[in-house]
There are 2 protein chains.
Amino acid sequence: MATIKDVAKKAHVSVATVSRVINQKGYVNEETKQLVLQAIEELNYVPNELARSLFQKKSHIVAVMMPHLTSYYFSDLLEVIEDETINSNYRLMICNSKDDPEKESKYLKIFDQYNVDGIILISNTHRINDYLALSIPIIEIDHNLSDEVPSITSNNFLGGKLAAEKLVNSGCKKIIHFRGPSGLVTVQDRTSGFQSVLKAKGVETHTYDLAFISPDPLDIESKINAHPDVDGIFCDSDIIAILAIQSLKRANKKIPEDVQVIGFDNIQLSNMLEPKITTIEQSTEAIGKAALKSMMKLINGEELDYFHQTIDVKLIERDTTKKVF
Amino acid sequence: MATIKDVAKKAHVSVATVSRVINQKGYVNEETKQLVLQAIEELNYVPNELARSLFQKKSHIVAVMMPHLTSYYFSDLLEVIEDETINSNYRLMICNSKDDPEKESKYLKIFDQYNVDGIILISNTHRINDYLALSIPIIEIDHNLSDEVPSITSNNFLGGKLAAEKLVNSGCKKIIHFRGPSGLVTVQDRTSGFQSVLKAKGVETHTYDLAFISPDPLDIESKINAHPDVDGIFCDSDIIAILAIQSLKRANKKIPEDVQVIGFDNIQLSNMLEPKITTIEQSTEAIGKAALKSMMKLINGEELDYFHQTIDVKLIERDTTKKVF
DNA sequence: TTGTAAGCGTTATCAC
DNA sequence: GTGATAACGCTTACAA
């Protein structure tokens, strides 16, 4: 692999000059510039980013800490993040905590070792202070672990509210809310939004906690069967909704005539299966873009427009709820 | 951030000595070693990997080039790869070609710039020679683009064969094969395996090509309706199988009584939906592990046990095929 | 057993 | 405009 020295030699200039044309900094005569450019071309030279990073103490690497990689919603989000990262001229190091403290420790060390320029924290963590100690810019997604770290979250309160309104407006009288782990702020916000409407209308609700990763189908089924007269179900993920719909079918309930169902996320699958699922869309596109926009500002030492940013969600009406006119 | 000099100063030794204890190389007195270790501890020192990499011309980074990130099978695979990579004491840079030549070019350059130690190539590419020119160890997964690059692939021929045998043994007389893009070797191998059995038995088959990413449901439906007497369908992915099953339901076909369906991949979803899908399991676990095992050998200049490695697949019988006794 | 110093490929400061 | 050169943080001959 050619180095800057090789280029300098070939172009009969010093490394300093080559560096200047590469970085477009400082004065350099147009003619010598062309000479250098030609040498670069001929030698197929690419500057060594490691050496550059060592000097600048910036690696041009952003790390993303995922909770897991096999969830549909997070995969969608990851795709956007990768795209936006490379478009911002950074590279993405992928980290998967899997709720394993040891893996997290390993990665925490690596962030330091590689002069990672920024961390996008999607995974939940009990060690936010260890992240802060790194003094590397951090953007949280879907969490709000500390007042010191900026975050981007869907408007979960609105999501809960929209779902409740839809269910109430289409006549539901007895509703189940299959939510995620109640320890998560996102889940709490959805619950608040959902309840805010339902309380006001005096509708009966039953709330159950489920895991987001591999929710237990048997659990869902037994809860549904425990309430034979339920007529509305709000699920905190489309996957939970899919499971609920199957239990409903087994119980010979008609959807949406007998029971209406609303999911969350709007993963691709929700529009592929029969019946197509009414759901609250979280825009992974908007979230990912906002994350990288903020990250770049942080890295460049600029002021953030919003410290805790909220992305609007949308009700997507499909076949698991009744049309209301 | 503390540097090796800080440690040296604190331990009253030279940087060389510190380096020796970090790398456990060369002689160093047990007592001074303890002194150094203590200084490292107190300063919370972690060696800068960038500086190390610059010297060694090895980054301890492995890159994985994905075709896309939102496919269930590839997400499963990525999770294994990340895990194995970090277990091998390497870090994972994630690259997503999305069949975009420009993105691929960008990444090709980056591999060079960062002294990436190895590339796991999952994406299809038309520029295998550009990869080879990098002279970085490469492992291909699910492809076989060149005799010069080692590969790991499921035994797709066996997969096709198992599916065909199952269908034939459970009485199918007229079969549709919804396969992936026929340009892929994996697809070709499945087809060969499938046909090898069917040809011998003289069973009527109709083969149709579909995209793996967002296969067209309407296309599937029209093909199924064009053969009202079809009694067996083999799909090259579970997603295609899901779509086929829905078309079948709309056509009031009973599964597996009227039509039997076999998918491919064994994604988690195939065991969640009703009916649970009979499928050919590709072991992402085995593939990912094999990939990293080979990669480490390549990086360490060791000989590979198998240049083109094949991972066995398995028929998982569930509810979309008839039991045969 | 330990220290000195050169070198990895860059960038940036300073002369010229 | 351009060229030496120190520095980034580390490893490794080589010397002591």
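**View 1. Contacts of B:Ile120 in the predicted model.** This close-up of a predicted model centres on B:Ile120, which contacts B:Val62, B:Val64, B:Met65, B:Ile81, B:Ile139, B:Ile141, B:Ala291 and B:Met295. Neighbours within four places in sequence are left out of that list. Two residues count as in contact when their C-beta atoms lie within 7 Å.

**View 2. The largest nonpolar core.** In soluble globular proteins, nonpolar side chains tend to be buried together. Here the largest nonpolar core holds 76 residues. B:Ile120 is among the residues with the most contacts inside this core. The others so ranked are A:Val64, A:Ile120 and B:Val64. B:Val64 also appears in View 1, as a contact of B:Ile120.

**View 3. Residues around DNA strand D.** DNA strand D is surrounded by 27 residues. The closest are A:Ser14, A:Ala16 and A:Asn29 from chain A, with B:Ile4 and B:Ala51 from chain B. Four helices each give two or more residues to this surface: H2 (15-23) and H4 (49-56) of chain A, and H2 (15-23) and H4 (49-56) of chain B. H2(B) makes the largest contribution, six residues. Sorted by class, the surface near DNA strand D has 15 nonpolar, nine polar and three charged residues.

**View 4. Domains of chain A, and where domain 2 touches domain 3.** Chain A splits into domain 1 (4-47), domain 2 (61-154 + 285-311) and domain 3 (156-282). In chain A, the C-alpha centres of domain 2 and domain 3 are 29 Å apart. Their contact takes 11 residues from domain 2 of chain A and nine residues from domain 3 of chain A. On the domain 2 side, helix H5 (72-87) and strand S5 (151-154) of chain A each supply at least two residues. H5(A) gives the most to that side, with three residues. The residues on the domain 2 side divide into three nonpolar, six polar and two charged.

**View 5. The axis relating chains A and B.** Chain A superposes on chain B after a rotation of 180° with 0.0 Å of shift along the axis. The RMSD of this superposition is 0.0 Å. The two copies are therefore related as by a two-fold rotation axis. In chain A, the C-alpha nearest the axis belongs to A:Met93, 2.2 Å from it.

**View 6. The interface between the copies.** Of the interface residues of chain A, 100% are also interface residues in chain B, so the copies meet through the same surface.

Conventions. Residues are numbered from 1 along each chain as its sequence is written. Chains are lettered from A and ligands numbered from 1 in the order in which they are written. This is a predicted model: local features need pLDDT of at least 70, side-chain atom pairs count only at pLDDT 80 or more; totals for chains, interfaces and linings use all residues. A nonpolar core is a set of buried Ala, Val, Leu, Ile, Met, Phe, Trp, Tyr and Cys residues joined through C-beta atoms within 7 Å. A residue is buried if 20 or more other C-beta atoms lie within 10 Å of its own, exposed if 12 or fewer, and partly exposed in between; C-beta atoms are placed from the backbone. A residue is near a molecule or strand if its C-beta atom, placed from the backbone, lies within 6 Å of it. Ala, Val, Leu, Ile, Met, Phe, Trp, Tyr, Cys and Pro count as nonpolar, Asp, Glu, Lys and Arg as charged, and the others, Gly among them, as polar. Domain bounds come from an automatic or database domain assignment. Copies are superposed by least squares on the C-alpha atoms of residues with pLDDT of at least 70 in both.
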